[in-house]
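Student: I'd like a close look at one part of this model, the charged pairs, and then a walk inward from there. Could you take me through it in one go?

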Amino acid sequence: MEAMEIDSEKNLQRKHSTYNLLDERFEIQKEMYRGQQYSQIYFARLHMMRTLLYSLVPNWKPHLPVCTVLGLEKDKECIVVGTLYKHMKLKPCILDEYSKTRSTTPLVKPHNFVHPDDHLVLEDESGRVKLAGMLSPSVYVTGSIVGLHGKETDAGDFLVLDVLEAGLPPQIELPLKSREDKYVVFVSGLRVGSSSSNPLQFQLLVDHITGHLGDEKEQGIAAQIVHVVIAGNSIEVPRGLLNGQNLASKDQSRLSEPIKELDILLTQIAAGLPLDIMPGLDDPANFALPQQPLNRCLFPGSSAYNTFRSCTNPHCFDLDDIRFLGTSGQNIDDLEKYSEAKDKLEFVERTLRWRHLAPTAPNTLGCYPFTDRDPFLIESCPHVYFIGNQDKYDSRLVKVE
């Protein structure tokens, strides 16, 4: 294919890699919404994670008995596994918003809802117990599963002495180091159609990726790019148009302009190399996680190429046997609202150590009410874990202790 060549005169050929899409568990196909409640996804999560945590107990504290919340005895040390629930004073409540009585809570919504009076509760099928001791409410969120070593106090609380988290999941073996460099480009927050979007910058990016910019050295680097991932928030539609009224024809064209503009740019990339596009919070896709692929009919130009793939959010794939997993950022943004950390990367690392992509779903993060599984459990540790739409670029190498 002619377009795959960077520059035939200088004999620069674009490198290739083997691609394996692993989004099946995030796709909603035969599931039907029949009024099911969210308790079932919590039960599925607890069942899977408890089996895992029980298998870790013999190496952690083999001398202690494992019991349920209902089986706790006063002053008797044991291990109990359950789902954490965080009681939060500042957490917004839809009922409060419609309450007739004026409440004393501030009208200005804070960026973070953590309060010194927050406390944690541990829950399993048998019951729930309030937690005291060393477990910091500011670190954990509702929905995370932990094993706790402790004892019941006179007040009826469970005094936590130690915590067992699932830890990093097992990882597929890294392939032997290749002698050649290959690059994957991650882009997010393009917001084509917004006032802050700069078409020239985007076109320069496209020209760099496709090898139409720079000297021989620059083109040599571009030839090593084997894949592009666009991780959400690619389009921004003028909010004033989406008021539920019938749109005039001129407004309809304004609505479709950003998508057409994005398609023109993506077509240029897809003509040269493989491209994955994920939906984000502001894209024309379903709101609840896992977000389903953007409809291919939005991209008539790009979708004509077999290099173009519309993918789910979260998105998982292998490139040359290197596992990539990532989201468009909603899971980390939500953790930032309901817990505290030194930086965003700490939230990202916590999701790996808890083996769960979106622990706050379905409590404060919208998700589909799965009945028999929780697709957000991380069963295999990725080699590259990426999060889109953050304030700045940052990275960290995490190693298993």
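Student: How many salt bridges does the count come to?

Tutor: Keep in mind that this is a predicted model. The count comes to 21 salt bridges. Side chains of opposite charge can pair when their charged atoms come close.

Let's start with lysine 15, which forms a salt bridge with glutamate 180, their closest N and O atoms sitting 3.7 Å apart. That pair ties together distant parts of the chain, 165 residues apart: lysine 15 belongs to the loop between β2 (12–13) and β3 (19–21), and glutamate 180 to the loop between β8 (158–164) and β9 (183–187). Lysine 15 is partly exposed at 22% relative accessible area, and glutamate 180 is partly exposed too, at 40%. The two don't stand alone, either: Lys15, Glu180, Lys182 and Asp320 are linked in a network of salt bridges.

Glutamate 123 and arginine 128 make another pair, with 2.8 Å between the closest N and O atoms. Here glutamate 123 is partly exposed, with a relative accessible area of 33%, and so is arginine 128, at 48%. Then there's lysine 344 with glutamate 336, where the closest N and O atoms are 3.5 Å apart. Glutamate 336 counts as partly exposed at 21% relative accessibility, because the buried label needs a value under 20%.

Now for the inside. Helix α1 (residues 39–60) has 22 residues and reaches 30 Å from first C-alpha to last, close to the 32 Å expected. Its buried residues are Ile41, Ala44, Arg45, Leu46, Met49, Arg50, Leu53 and Val57. In an α-helix, residues three or four places apart point the same way, since there are 3.6 residues a turn. The buried residues of α1 pack against β4 (78–87), β5 (119–124), β7 (145–152) and β8.

Those strands also turn up in the largest nonpolar core: β4, β5, β6 (127–133), β7, β8, α6 (330–338), α7 (344–353) and β15 (384–387) each supply at least two of its residues. This core has 46 residues, and Leu122, Leu131, Leu135, Tyr140, Leu148 and Phe158 touch the most other members. Domain 1 (19–32 + 171–240 + 249–387) and domain 2 (38–98 + 111–164) each contribute at least three residues to this core. Zooming in on phenylalanine 158, and leaving aside residues up to four places away in sequence, its contacts include Leu72, Cys78, Val80, Leu131 and Leu148. Apart from this core lies another, of 24 residues, among them Val192, Val206, Ile235 and Leu275.

Methods
Residues numbered from 1 in each chain as written. Predicted model: local features only at pLDDT ≥ 70, side-chain atom pairs only at ≥ 80, totals over all residues. Heavy atoms only, no water. Salt bridge = Lys/Arg side-chain N within 4 Å of Asp/Glu carboxyl O. Helix = DSSP H or I, 4+ residues; strand = E, 2+ residues; numbered from the N terminus. Buried < 20%, exposed > 50% of the residue type's maximum accessible area, 1.4 Å probe, protein only. Expected span 1.5 Å × (residues − 1). Contact = heavy atoms within 4.5 Å. Core = buried A, V, L, I, M, F, W, Y, C linked by side-chain atoms within 4.5 Å. Domains from an automatic or database assignment.
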